[in-house]
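Open the model in your viewer and keep the selection panel at hand. The stops below go from the whole chain to single side chains.

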Amino acid sequence: MMKITELLAPAGSYESLVAAVNAGADAIYIGGKKFSARAYANNPDEDVLIKGIEYAHTFGVSVYMTINTLFKESEMDELFDYIKTYYNAGIDAVIVQDLGVFEFIRKHFKKLPIHASTQMTITGSYGAIFLKNIGASRIVPAREISLAEIKDIDSKCDIEIECFVHGALCYSYSGQCLMSSIIGGRSGNRGRCAQTCRLPYDLYENGKKLNKADERNLLSCKDLCSLDILPDLIESGIDSLKIEGRMKAPRYTAGVVSIWRKYLDLYNSKKRVGYKVDKKDRKLLLDLFDRGGQTEGYYKEHNGRDMIAVHEKPVNKEVNADYFEYLDKTFVEGKKVLPVLGTVKIKKDMPISFEVSVNNLRDAYGRQEQVNSISIEVSCEAPQLAKTRASSAFDVEKQLKKTGNTLFAFESLYIDMDEGLFIPVKTLNELRRDALDKLYQKILDRYRRDDSDVVDYTG
(Lines give C-alpha, C1' and ligand atoms only; values in the text may rest on other atoms or scores of the structure.)
Protein backbone atom coordinates (compact mmCIF):
# COMPACT_ATOMS: atom_id res chain seq x y z
CA MET A 1 0.00 0.00 0.00
CA MET A 2 1.23 3.48 -0.87
CA LYS A 3 2.40 5.50 2.10
CA ILE A 4 -0.06 8.24 3.00
CA THR A 5 1.47 11.48 4.26
CA GLU A 6 -0.70 13.38 6.71
CA LEU A 7 -1.34 17.12 6.56
CA LEU A 8 -1.60 18.30 10.17
CA ALA A 9 -3.13 21.70 10.91
CA PRO A 10 -3.16 23.92 14.01
CA ALA A 11 -6.30 25.10 15.74
CA GLY A 12 -6.40 27.57 18.60
CA SER A 13 -10.19 27.73 18.59
CA TYR A 14 -13.27 25.87 17.40
CA GLU A 15 -13.50 28.25 14.44
CA SER A 16 -9.94 27.46 13.39
CA LEU A 17 -10.64 23.73 13.66
CA VAL A 18 -13.62 24.06 11.34
CA ALA A 19 -11.60 26.16 8.89
CA ALA A 20 -8.81 23.58 8.86
CA VAL A 21 -11.20 20.69 8.22
CA ASN A 22 -12.96 22.64 5.47
CA ALA A 23 -9.63 23.52 3.83
CA GLY A 24 -8.47 19.91 3.59
CA ALA A 25 -6.47 18.98 6.69
CA ASP A 26 -6.06 15.27 7.48
CA ALA A 27 -5.58 15.96 11.17
CA ILE A 28 -5.85 18.80 13.70
CA TYR A 29 -3.91 19.52 16.87
CA ILE A 30 -5.63 21.64 19.49
CA GLY A 31 -5.46 22.35 23.19
CA GLY A 32 -8.16 22.40 25.82
CA LYS A 33 -8.40 24.88 28.66
CA LYS A 34 -5.53 23.30 30.60
CA PHE A 35 -2.00 22.03 30.11
CA SER A 36 -1.43 23.43 26.61
CA ALA A 37 1.72 25.10 25.30
CA ARG A 38 -0.48 27.83 23.87
CA ALA A 39 -2.20 29.04 27.04
CA TYR A 40 -3.09 32.35 25.38
CA ALA A 41 -4.85 30.80 22.41
CA ASN A 42 -8.64 30.83 22.43
CA ASN A 43 -8.63 27.21 23.57
CA PRO A 44 -12.21 25.90 23.65
CA ASP A 45 -14.17 24.81 26.71
CA GLU A 46 -14.94 21.12 27.15
CA ASP A 47 -18.30 21.08 25.36
CA VAL A 48 -17.01 23.16 22.46
CA LEU A 49 -13.90 21.03 22.05
CA ILE A 50 -16.01 17.87 21.98
CA LYS A 51 -18.20 19.52 19.37
CA GLY A 52 -15.03 20.21 17.36
CA ILE A 53 -13.82 16.61 17.75
CA GLU A 54 -17.16 15.38 16.43
CA TYR A 55 -17.08 17.81 13.51
CA ALA A 56 -13.62 16.62 12.50
CA HIS A 57 -14.48 12.94 12.94
CA THR A 58 -17.56 13.29 10.75
CA PHE A 59 -15.19 13.98 7.86
CA GLY A 60 -12.54 11.44 8.86
CA VAL A 61 -10.15 14.05 10.26
CA SER A 62 -8.08 13.06 13.30
CA VAL A 63 -7.78 15.29 16.37
CA TYR A 64 -4.68 15.33 18.57
CA MET A 65 -4.95 17.11 21.91
CA THR A 66 -1.97 18.99 23.25
CA ILE A 67 -0.98 18.21 26.84
CA ASN A 68 2.48 19.53 26.15
CA THR A 69 3.60 21.59 29.12
CA LEU A 70 5.80 20.65 32.04
CA PHE A 71 3.66 19.71 35.05
CA LYS A 72 3.75 20.54 38.71
CA GLU A 73 3.16 17.67 41.13
CA SER A 74 0.01 19.30 42.44
CA GLU A 75 -1.55 19.30 38.97
CA MET A 76 -1.46 15.54 38.48
CA ASP A 77 -4.71 15.05 40.40
CA GLU A 78 -6.52 17.07 37.73
CA LEU A 79 -5.08 15.17 34.79
CA PHE A 80 -7.08 11.94 34.98
CA ASP A 81 -10.56 13.47 34.74
CA TYR A 82 -9.33 16.00 32.18
CA ILE A 83 -8.09 13.30 29.80
CA LYS A 84 -10.93 10.85 30.45
CA THR A 85 -13.59 13.16 29.03
CA TYR A 86 -11.77 13.54 25.73
CA TYR A 87 -10.66 9.91 25.71
CA ASN A 88 -14.29 8.79 25.79
CA ALA A 89 -15.12 11.32 23.07
CA GLY A 90 -12.57 9.63 20.85
CA ILE A 91 -9.55 11.94 20.80
CA ASP A 92 -7.08 10.25 18.44
CA ALA A 93 -3.86 10.98 20.32
CA VAL A 94 -2.24 13.30 22.85
CA ILE A 95 0.93 15.32 22.32
CA VAL A 96 3.09 15.19 25.45
CA GLN A 97 6.27 16.91 26.66
CA ASP A 98 6.51 15.81 30.30
CA LEU A 99 7.82 12.25 30.81
CA GLY A 100 5.87 11.98 34.04
CA VAL A 101 2.67 12.72 32.14
CA PHE A 102 3.78 10.21 29.51
CA GLU A 103 4.05 7.48 32.16
CA PHE A 104 0.73 8.52 33.72
CA ILE A 105 -1.11 8.16 30.41
CA ARG A 106 0.52 4.83 29.61
CA LYS A 107 -0.63 3.51 33.00
CA HIS A 108 -4.20 4.82 33.03
CA PHE A 109 -5.11 5.07 29.32
CA LYS A 110 -3.31 2.15 27.74
CA LYS A 111 -4.97 2.46 24.33
CA LEU A 112 -4.48 6.21 23.92
CA PRO A 113 -1.71 6.92 21.38
CA ILE A 114 0.99 9.32 22.61
CA HIS A 115 2.97 11.65 20.37
CA ALA A 116 6.27 12.91 21.78
CA SER A 117 6.31 16.71 21.54
CA THR A 118 9.06 18.60 19.75
CA GLN A 119 9.89 19.99 23.20
CA MET A 120 11.21 16.57 24.17
CA THR A 121 14.10 17.60 21.90
CA ILE A 122 14.51 14.35 19.99
CA THR A 123 17.55 14.80 17.77
CA GLY A 124 18.48 11.29 16.71
CA SER A 125 17.61 7.62 16.43
CA TYR A 126 18.53 6.74 20.04
CA GLY A 127 15.96 9.16 21.39
CA ALA A 128 13.36 7.88 18.92
CA ILE A 129 14.06 4.24 19.85
CA PHE A 130 13.82 5.06 23.56
CA LEU A 131 10.41 6.68 23.09
CA LYS A 132 9.20 3.87 20.87
CA ASN A 133 10.19 1.36 23.53
CA ILE A 134 8.29 3.15 26.30
CA GLY A 135 5.14 3.42 24.21
CA ALA A 136 5.20 6.44 21.89
CA SER A 137 3.49 5.94 18.55
CA ARG A 138 4.91 9.12 17.01
CA ILE A 139 7.74 11.58 17.58
CA VAL A 140 7.97 15.25 16.68
CA PRO A 141 11.73 15.77 16.40
CA ALA A 142 13.52 19.00 17.24
CA ARG A 143 13.04 21.51 14.45
CA GLU A 144 16.79 21.96 14.14
CA ILE A 145 17.58 18.56 12.61
CA SER A 146 18.33 18.00 8.93
CA LEU A 147 16.72 15.82 6.28
CA ALA A 148 19.69 13.47 6.55
CA GLU A 149 19.10 13.09 10.29
CA ILE A 150 15.40 12.45 9.72
CA LYS A 151 16.28 9.73 7.19
CA ASP A 152 18.57 8.16 9.76
CA ILE A 153 15.82 8.08 12.37
CA ASP A 154 13.39 6.62 9.85
CA SER A 155 15.81 3.87 8.84
CA LYS A 156 16.60 2.83 12.41
CA CYS A 157 13.29 3.20 14.22
CA ASP A 158 9.82 2.03 13.21
CA ILE A 159 7.91 5.03 14.52
CA GLU A 160 5.85 7.76 12.88
CA ILE A 161 7.70 11.03 12.31
CA GLU A 162 5.92 14.36 12.41
CA CYS A 163 7.83 17.52 11.42
CA PHE A 164 7.04 21.21 11.31
CA VAL A 165 6.99 22.42 7.72
CA HIS A 166 5.36 25.86 7.92
CA GLY A 167 4.98 28.67 10.43
CA ALA A 168 6.90 30.35 13.20
CA LEU A 169 10.40 29.24 14.17
CA CYS A 170 11.76 29.65 17.67
CA TYR A 171 15.18 31.26 18.12
CA SER A 172 15.91 28.85 20.94
CA TYR A 173 16.64 25.16 20.46
CA SER A 174 13.27 23.57 19.77
CA GLY A 175 11.48 25.78 22.27
CA GLN A 176 13.83 25.08 25.17
CA CYS A 177 13.91 28.74 26.13
CA LEU A 178 13.96 30.50 29.52
CA MET A 179 14.21 34.04 28.15
CA SER A 180 10.51 34.87 28.57
CA SER A 181 10.52 33.34 32.04
CA ILE A 182 13.59 35.27 33.20
CA ILE A 183 12.55 38.64 31.77
CA GLY A 184 8.81 38.57 32.45
CA GLY A 185 8.05 35.53 34.58
CA ARG A 186 6.13 33.87 31.75
CA SER A 187 7.48 30.39 31.06
CA GLY A 188 7.36 28.95 27.57
CA ASN A 189 7.43 25.49 29.11
CA ARG A 190 4.16 26.35 30.84
CA GLY A 191 2.54 27.63 27.65
CA ARG A 192 2.98 31.33 28.45
CA CYS A 193 5.86 32.50 26.26
CA ALA A 194 5.84 36.29 25.82
CA GLN A 195 7.90 35.96 22.61
CA THR A 196 10.63 38.23 23.90
CA CYS A 197 12.78 37.13 20.95
CA ARG A 198 10.42 39.11 18.69
CA LEU A 199 11.26 42.41 20.41
CA PRO A 200 13.73 44.88 18.85
CA TYR A 201 17.32 44.79 20.13
CA ASP A 202 20.61 46.54 19.44
CA LEU A 203 23.95 44.74 19.15
CA TYR A 204 27.08 46.27 20.70
CA GLU A 205 30.72 45.27 20.66
CA ASN A 206 33.14 47.17 22.87
CA GLY A 207 30.60 49.95 23.18
CA LYS A 208 30.11 50.27 19.42
CA LYS A 209 26.65 49.67 17.96
CA LEU A 210 26.92 47.20 15.08
CA ASN A 211 23.36 47.08 13.71
CA LYS A 212 21.68 49.78 11.65
CA ALA A 213 18.59 51.63 12.81
CA ASP A 214 16.29 49.43 10.70
CA GLU A 215 18.05 46.20 11.73
CA ARG A 216 16.73 45.53 15.21
CA ASN A 217 14.93 42.17 14.86
CA LEU A 218 18.12 40.35 15.75
CA LEU A 219 16.51 37.35 17.48
CA SER A 220 13.31 37.12 15.45
CA CYS A 221 13.38 34.19 13.04
CA LYS A 222 11.71 34.34 9.66
CA ASP A 223 8.76 32.01 9.29
CA LEU A 224 9.39 28.51 8.06
CA CYS A 225 8.06 27.66 4.59
CA SER A 226 9.36 24.40 3.14
CA LEU A 227 6.79 24.07 0.37
CA ASP A 228 9.44 23.99 -2.36
CA ILE A 229 11.12 20.93 -0.83
CA LEU A 230 7.94 18.98 -0.06
CA PRO A 231 9.16 15.97 -2.13
CA ASP A 232 12.38 15.90 -0.07
CA LEU A 233 10.38 16.01 3.16
CA ILE A 234 8.20 13.07 2.23
CA GLU A 235 11.03 11.01 0.78
CA SER A 236 13.13 11.53 3.90
CA GLY A 237 10.55 9.53 5.86
CA ILE A 238 8.26 12.20 7.32
CA ASP A 239 4.77 10.82 7.96
CA SER A 240 3.02 14.02 9.05
CA LEU A 241 3.58 17.55 7.70
CA LYS A 242 2.86 19.89 10.60
CA ILE A 243 1.79 23.51 10.21
CA GLU A 244 2.46 25.85 13.15
CA GLY A 245 -0.05 28.53 14.14
CA ARG A 246 -2.42 27.87 17.03
CA MET A 247 -2.30 31.57 17.88
CA LYS A 248 -3.28 32.57 14.33
CA ALA A 249 -6.77 33.46 13.07
CA PRO A 250 -9.02 30.95 11.25
CA ARG A 251 -8.38 32.75 7.96
CA TYR A 252 -4.65 32.12 8.24
CA THR A 253 -5.25 28.46 9.04
CA ALA A 254 -7.58 28.07 6.07
CA GLY A 255 -5.18 29.75 3.65
CA VAL A 256 -2.07 27.82 4.64
CA VAL A 257 -3.86 24.48 4.84
CA SER A 258 -5.53 24.91 1.44
CA ILE A 259 -2.22 25.69 -0.27
CA TRP A 260 -0.36 22.82 1.37
CA ARG A 261 -3.30 20.52 0.51
CA LYS A 262 -2.97 21.55 -3.13
CA TYR A 263 0.72 20.71 -3.29
CA LEU A 264 0.53 17.52 -1.24
CA ASP A 265 -2.13 16.28 -3.65
CA LEU A 266 0.07 17.38 -6.58
CA TYR A 267 2.99 15.36 -5.28
CA ASN A 268 0.78 12.33 -4.59
CA SER A 269 -0.45 12.36 -8.20
CA LYS A 270 2.61 13.58 -10.13
CA LYS A 271 5.48 12.67 -7.77
CA ARG A 272 8.74 14.59 -7.94
CA VAL A 273 8.81 14.86 -11.75
CA GLY A 274 5.62 16.91 -11.92
CA TYR A 275 6.12 18.92 -8.75
CA LYS A 276 6.57 22.68 -8.99
CA VAL A 277 5.36 25.50 -6.75
CA ASP A 278 3.65 28.46 -8.40
CA LYS A 279 5.17 31.79 -7.34
CA LYS A 280 1.64 33.17 -6.94
CA ASP A 281 0.99 30.67 -4.15
CA ARG A 282 4.20 31.63 -2.39
CA LYS A 283 3.01 35.24 -2.50
CA LEU A 284 -0.37 34.26 -1.06
CA LEU A 285 1.40 32.67 1.91
CA LEU A 286 3.25 35.93 2.51
CA ASP A 287 -0.02 37.84 2.16
CA LEU A 288 -1.40 35.74 4.99
CA PHE A 289 1.52 36.51 7.28
CA ASP A 290 4.93 38.06 6.76
CA ARG A 291 7.43 38.38 9.57
CA GLY A 292 10.20 39.60 7.30
CA GLY A 293 10.43 36.79 4.77
CA GLN A 294 10.50 33.01 4.79
CA THR A 295 13.12 30.32 5.28
CA GLU A 296 13.34 26.58 4.61
CA GLY A 297 14.74 26.18 8.10
CA TYR A 298 17.31 23.59 9.07
CA TYR A 299 16.40 20.84 6.64
CA LYS A 300 19.27 21.54 4.27
CA GLU A 301 21.46 24.06 6.09
CA HIS A 302 22.66 25.15 9.52
CA ASN A 303 21.40 28.26 11.23
CA GLY A 304 22.60 31.61 9.97
CA ARG A 305 21.73 35.21 9.20
CA ASP A 306 19.36 34.18 6.39
CA MET A 307 17.01 32.67 8.98
CA ILE A 308 16.66 35.92 10.94
CA ALA A 309 14.20 38.65 9.99
CA VAL A 310 16.67 41.42 11.04
CA HIS A 311 14.52 44.19 9.53
CA GLU A 312 11.25 45.34 11.01
CA LYS A 313 8.08 43.52 10.02
CA PRO A 314 6.65 45.13 6.86
CA VAL A 315 4.25 47.96 7.67
CA ASN A 316 1.54 49.52 5.54
CA LYS A 317 1.57 46.38 3.42
CA GLU A 318 -1.29 46.21 0.95
CA VAL A 319 -3.95 43.78 2.14
CA ASN A 320 -5.05 41.11 -0.31
CA ALA A 321 -8.72 41.77 0.35
CA ASP A 322 -10.08 39.58 -2.46
CA TYR A 323 -8.09 36.57 -1.27
CA PHE A 324 -9.09 37.10 2.35
CA GLU A 325 -12.75 37.35 1.36
CA TYR A 326 -12.44 34.12 -0.62
CA LEU A 327 -10.92 32.31 2.37
CA ASP A 328 -13.59 33.61 4.74
CA LYS A 329 -16.50 32.66 2.51
CA THR A 330 -15.12 29.31 1.36
CA PHE A 331 -13.50 27.84 4.48
CA VAL A 332 -14.17 29.97 7.56
CA GLU A 333 -17.86 30.69 7.00
CA GLY A 334 -18.53 27.99 4.42
CA LYS A 335 -20.28 24.77 5.30
CA LYS A 336 -18.79 21.36 4.58
CA VAL A 337 -21.21 18.50 4.05
CA LEU A 338 -20.86 14.77 3.76
CA PRO A 339 -22.63 13.31 0.71
CA VAL A 340 -25.08 10.50 1.52
CA LEU A 341 -27.19 8.05 -0.44
CA GLY A 342 -30.81 7.33 0.39
CA THR A 343 -33.44 4.73 -0.51
CA VAL A 344 -37.01 5.04 0.70
CA LYS A 345 -39.69 2.37 0.24
CA ILE A 346 -43.30 3.45 0.58
CA LYS A 347 -45.64 0.52 0.02
CA LYS A 348 -49.30 -0.09 0.75
CA ASP A 349 -49.95 -1.75 4.14
CA MET A 350 -46.22 -1.82 4.97
CA PRO A 351 -44.13 0.34 7.31
CA ILE A 352 -42.21 3.03 5.47
CA SER A 353 -38.50 2.14 5.42
CA PHE A 354 -35.68 4.59 4.83
CA GLU A 355 -32.07 3.51 4.37
CA VAL A 356 -29.28 6.08 4.41
CA SER A 357 -25.62 5.34 3.73
CA VAL A 358 -22.34 7.15 3.31
CA ASN A 359 -19.53 5.79 1.12
CA ASN A 360 -15.81 6.50 0.84
CA LEU A 361 -15.34 7.18 4.54
CA ARG A 362 -11.79 7.38 5.73
CA ASP A 363 -10.76 5.03 8.47
CA ALA A 364 -11.04 5.82 12.15
CA TYR A 365 -7.57 7.35 12.26
CA GLY A 366 -8.26 9.93 9.57
CA ARG A 367 -6.08 8.28 6.94
CA GLN A 368 -7.13 8.38 3.32
CA GLU A 369 -7.57 4.66 2.73
CA GLN A 370 -11.18 3.87 1.95
CA VAL A 371 -13.31 1.78 4.30
CA ASN A 372 -16.64 0.10 3.80
CA SER A 373 -19.69 2.30 3.70
CA ILE A 374 -21.78 2.91 6.78
CA SER A 375 -25.54 2.58 6.54
CA ILE A 376 -28.57 2.61 8.79
CA GLU A 377 -32.25 1.84 8.24
CA VAL A 378 -35.20 3.33 10.06
CA SER A 379 -38.92 2.80 9.65
CA CYS A 380 -42.21 4.31 10.68
CA GLU A 381 -45.91 3.61 10.38
CA ALA A 382 -47.46 2.51 7.09
CA PRO A 383 -48.69 5.23 4.70
CA GLN A 384 -52.33 6.19 4.55
CA LEU A 385 -54.58 5.71 1.56
CA ALA A 386 -55.11 9.10 -0.04
CA LYS A 387 -58.58 10.52 0.50
CA THR A 388 -58.12 13.55 -1.75
CA ARG A 389 -54.64 14.33 -3.03
CA ALA A 390 -52.00 11.59 -2.98
CA SER A 391 -48.38 12.33 -2.10
CA SER A 392 -46.04 12.35 -5.10
CA ALA A 393 -42.44 11.23 -5.36
CA PHE A 394 -41.56 14.91 -5.70
CA ASP A 395 -43.26 15.66 -2.35
CA VAL A 396 -41.32 12.88 -0.66
CA GLU A 397 -38.00 13.93 -2.19
CA LYS A 398 -38.54 17.56 -1.24
CA GLN A 399 -39.02 16.75 2.44
CA LEU A 400 -36.34 14.10 2.78
CA LYS A 401 -33.70 16.28 1.16
CA LYS A 402 -34.22 19.10 3.66
CA THR A 403 -31.03 18.30 5.54
CA GLY A 404 -30.93 21.81 6.98
CA ASN A 405 -28.36 22.33 9.74
CA THR A 406 -26.99 18.79 9.58
CA LEU A 407 -23.59 17.92 8.11
CA PHE A 408 -25.19 15.82 5.37
CA ALA A 409 -26.50 16.39 1.86
CA PHE A 410 -28.12 13.80 -0.37
CA GLU A 411 -26.03 12.86 -3.36
CA SER A 412 -28.83 10.60 -4.56
CA LEU A 413 -32.24 9.57 -3.29
CA TYR A 414 -34.08 6.57 -4.75
CA ILE A 415 -37.83 6.47 -4.13
CA ASP A 416 -39.77 3.21 -4.50
CA MET A 417 -43.38 4.27 -3.99
CA ASP A 418 -46.84 2.90 -4.69
CA GLU A 419 -49.47 5.23 -6.10
CA GLY A 420 -52.49 6.51 -4.25
CA LEU A 421 -50.81 6.93 -0.87
CA PHE A 422 -50.56 9.88 1.48
CA ILE A 423 -47.66 10.57 3.84
CA PRO A 424 -47.91 13.55 6.21
CA VAL A 425 -45.07 16.05 6.01
CA LYS A 426 -44.50 15.59 9.74
CA THR A 427 -43.91 11.86 9.23
CA LEU A 428 -41.34 12.46 6.50
CA ASN A 429 -39.52 15.08 8.58
CA GLU A 430 -39.33 12.75 11.59
CA LEU A 431 -38.15 9.91 9.37
CA ARG A 432 -35.35 12.07 7.95
CA ARG A 433 -34.27 13.39 11.34
CA ASP A 434 -34.23 9.90 12.83
CA ALA A 435 -32.20 8.47 9.95
CA LEU A 436 -29.60 11.22 9.82
CA ASP A 437 -29.17 11.31 13.60
CA LYS A 438 -28.58 7.56 13.74
CA LEU A 439 -26.14 7.76 10.82
CA TYR A 440 -24.25 10.60 12.53
CA GLN A 441 -23.98 8.63 15.77
CA LYS A 442 -22.81 5.52 13.92
CA ILE A 443 -20.06 7.52 12.20
CA LEU A 444 -18.88 8.91 15.54
CA ASP A 445 -19.06 5.52 17.23
CA ARG A 446 -16.03 4.48 15.17
CA TYR A 447 -14.01 6.79 17.41
CA ARG A 448 -15.72 6.77 20.79
CA ARG A 449 -14.38 4.63 23.62
CA ASP A 450 -15.85 3.20 26.80
CA ASP A 451 -14.05 2.89 30.14
CA SER A 452 -13.32 -0.83 29.95
CA ASP A 453 -9.57 -0.39 29.53
CA VAL A 454 -9.13 2.69 31.75
CA VAL A 455 -7.22 2.15 34.99
CA ASP A 456 -8.77 4.36 37.66
CA TYR A 457 -6.64 6.97 39.39
CA THR A 458 -6.85 7.09 43.16
CA GLY A 459 -4.47 9.98 43.76
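Start by selecting the charged side chains of this predicted model. There are 65 positive and 66 negative charges, and their mean positions are 3 Å apart.

**Whole protein.** Show the C-alpha trace and align the view with its principal axes, along which the trace spans about 100 × 55 × 40 Å. Switch to a cartoon: the protein has 13 helices and 20 strands. Now colour by relative accessibility; 53% of the 459 residues count as buried. If you draw the accessible surface, its area comes to about 21900 Å², with 50% belonging to carbon and sulfur atoms. A contact map is worth a look here too. Taking contacts between residues at least 6 apart in sequence, 73% join residues at least 24 apart.

**Cysteines.** Select the cysteine sulfurs next. How many disulfides does a search of the whole structure find? The count is 0. Centre on C157, which is in no disulfide: the nearest cysteine sulfur belongs to C163 and is 13 Å away. A disulfide requires two cysteine sulfur atoms within 2.5 Å, so the 13 Å from C157 to the sulfur of C163 rules out that pairing. C157 counts as buried, at 5% relative accessibility. Then move to C170, which is partly exposed with a relative accessible area of 25%.

**Helix 4.** Select residues 99–108, which make up helix 4, and show side chains. Which residues of helix 4 are buried? They are V101, F102, F104, I105, R106 and H108. To see what covers these buried residues, add the following elements to the selection, which are among the cover:

- strand 3 (62–67) and strand 4 (93–96)
- strand 5 (114–116)
- helix 3 (76–89) and helix 5 (125–134)

Before leaving, zoom in on the start of helix 4. There a side-chain oxygen of D98 reaches to within 2.7 Å of the backbone nitrogen of G100.

**T66.** Strand 3, already selected as part of the cover over helix 4, also holds the last stop, T66. Is T66 buried or exposed? T66 has a relative accessible area of 1%, so the residue counts as buried. Show sticks for G31 and R246 along with T66. A polar atom of the T66 side chain lies 3.5 Å from the backbone nitrogen of G31. The side chain of T66 is also joined to that of R246 by a polar contact of 3.2 Å.

Key: Residues numbered from 1 in each chain as written. Predicted model: local features only at pLDDT ≥ 70, side-chain atom pairs only at ≥ 80, totals over all residues. Heavy atoms only, no water. Helix = DSSP H or I, 4+ residues; strand = E, 2+ residues; numbered from the N terminus. Buried < 20%, exposed > 50% of the residue type's maximum accessible area, 1.4 Å probe, protein only. Contact = heavy atoms within 4.5 Å. Areas by Shrake-Rupley, 256 points an atom, 1.4 Å probe, with all protein chains shown as cover. Lys, Arg positive; Asp, Glu negative; His and termini not counted. Charge placed at Lys NZ, Arg CZ, Asp CG, Glu CD. Polar contact = N/O pair within 3.5 Å; in protein donor to acceptor, adjacent residues only side chain to side chain.
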